[in-house]
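Work through the two exercises below with the sequence and the structure in view. Each solution goes step by step.

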Amino acid sequence: MTAPDASPSLSPLDDVRARIAQAAKIARRDAADVTLVAISKTKPVEDVLALIAQGQRVFGENRVQEAQAKFPAIREAHPDLALHLVGQLQSNKAEDAVALFDCIHSLDRPSLLTALARAMDKLDKRVPLFVQVNIGAEEQKGGCAVADVPALLAQARAADLPVQGLMCVPPAGIEAAPFFALLAKLAADNGLAKLSMGMSDDFETAVTLGATHVRIGSALFGAR
Ligand SMILES: *Cc1c(COP(=O)(O)O)cnc(C)c1O
């Protein structure tokens with residue numbers, strides 16, 4: 001006789017939610033203060049709809065064009081969705097991005113800031129922003145240098161852009177915790193309340209260190 005399965009298997013979404021809740025509890029935080037952004041890049045519309053059917057409402061994409069192809073139809077049926085941009089943004093796509101997204105996590109340079117300010121003024125729409133920080137000072141990686149963050153924030157304030165926090169993608173293959181802690185310190189020093197940090201492999205660590213937005217793809221949708 002085989003023993004009954006001790007723990008009925010959770011859906012990936014329920015599993016991720018439970019792990020966020022557990023990490024929040026350890027850190028004595030309210031799990032409701034952590035927004036799960038489901039990163040659906042490269043995944044088909046059906047996968048997004050399946051997650052919507054399970055109650056997920058916040059999605060993220062890393063390419064403007066892919067999001068333009070996938071989300072307008074989905075949103076017509078589900079107007080309560082929020083769509084976040086988490087990828088590098090070219091200045092010439094700023095207006096498309098402002099038109100489509102509810103939040104942009106990848107403000108990283110003065111020229112993009114100028115383009116976003118122009119687009120927001122033109123469309124009369126203020127899109128909340130995160131400044132992406134190159135937290136590991138990696139040569140090839142996008143993001144604003146740590147030392148340049150105060151100047152970029154000052155420029156954003158002068159242009160009346162709603163920067164709500166900082167975002168990072170820590171270096172691959174090494175412990176992420178020190179980088180998350182550094183981003184949290186940088187945000188606090190600059191009076192910013194929100195932290196976009198933590199992906200499939202490290203979101204629990206990020207939540208214990210103060211993440212308010214975790215960006216999770218493969219743990220929800222499977223490998224890309
Ligand atoms: C793809 C991507 C994610 C999600 O990565 P997973 O490891 O699949 O969870 C998060 N943030 C950014 C910026 C991404 O490009």
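**Exercise 1: the ligand site**

The shell around the ligand divides by class into five nonpolar, three polar and three charged residues (nonpolar: Ala, Val, Leu, Ile, Met, Phe, Trp, Tyr, Cys and Pro; charged: Asp, Glu, Lys and Arg; polar: the others, Gly among them). This is a predicted model, in which local features need pLDDT of at least 70, side-chain atom pairs count only at pLDDT 80 or more, and totals for chains, interfaces and linings use all residues. Residues are numbered from 1 along each chain as its sequence is written, and side-chain values use heavy atoms, with hydrogens and water left out.

Task: Find which residues are around the ligand, and list its polar contacts.

Step 1. Around the ligand (a heavy atom within 4 Å) are Ile39, Lys41, Val86, Met167, Met199, Ser200, Arg215, Ile216, Gly217, Ser218 and Arg224.

Step 2. Look for polar contacts (N or O atoms within 3.5 Å). A side-chain N or O atom of Lys41 is 2.7 Å from a ligand oxygen. A ligand nitrogen lies 2.9 Å from a polar side-chain atom of Arg215. At Ser218, a polar backbone atom is 2.8 Å from an oxygen of the ligand.

Step 3. The protein buries 88% of the 390 Å² that the ligand exposes when taken alone (Shrake-Rupley method, 1.4 Å probe).

**Exercise 2: the aromatic pair**

Task: Count the aromatic pairs (ring centres within 6.5 Å; planes under 30 degrees apart are stacked, over 60 edge-to-face, the rest tilted).

Step 1. The count is one aromatic pair.

Step 2. The ring centres of Phe59 and Phe71 are 6.0 Å apart and the planes stand at 50°, so the pair is tilted.

Note on methods
A polar contact is a pair of N or O atoms within 3.5 Å; within protein, one must be able to donate a hydrogen and the other to accept it, and residues adjacent in sequence count only if both atoms are side-chain atoms.
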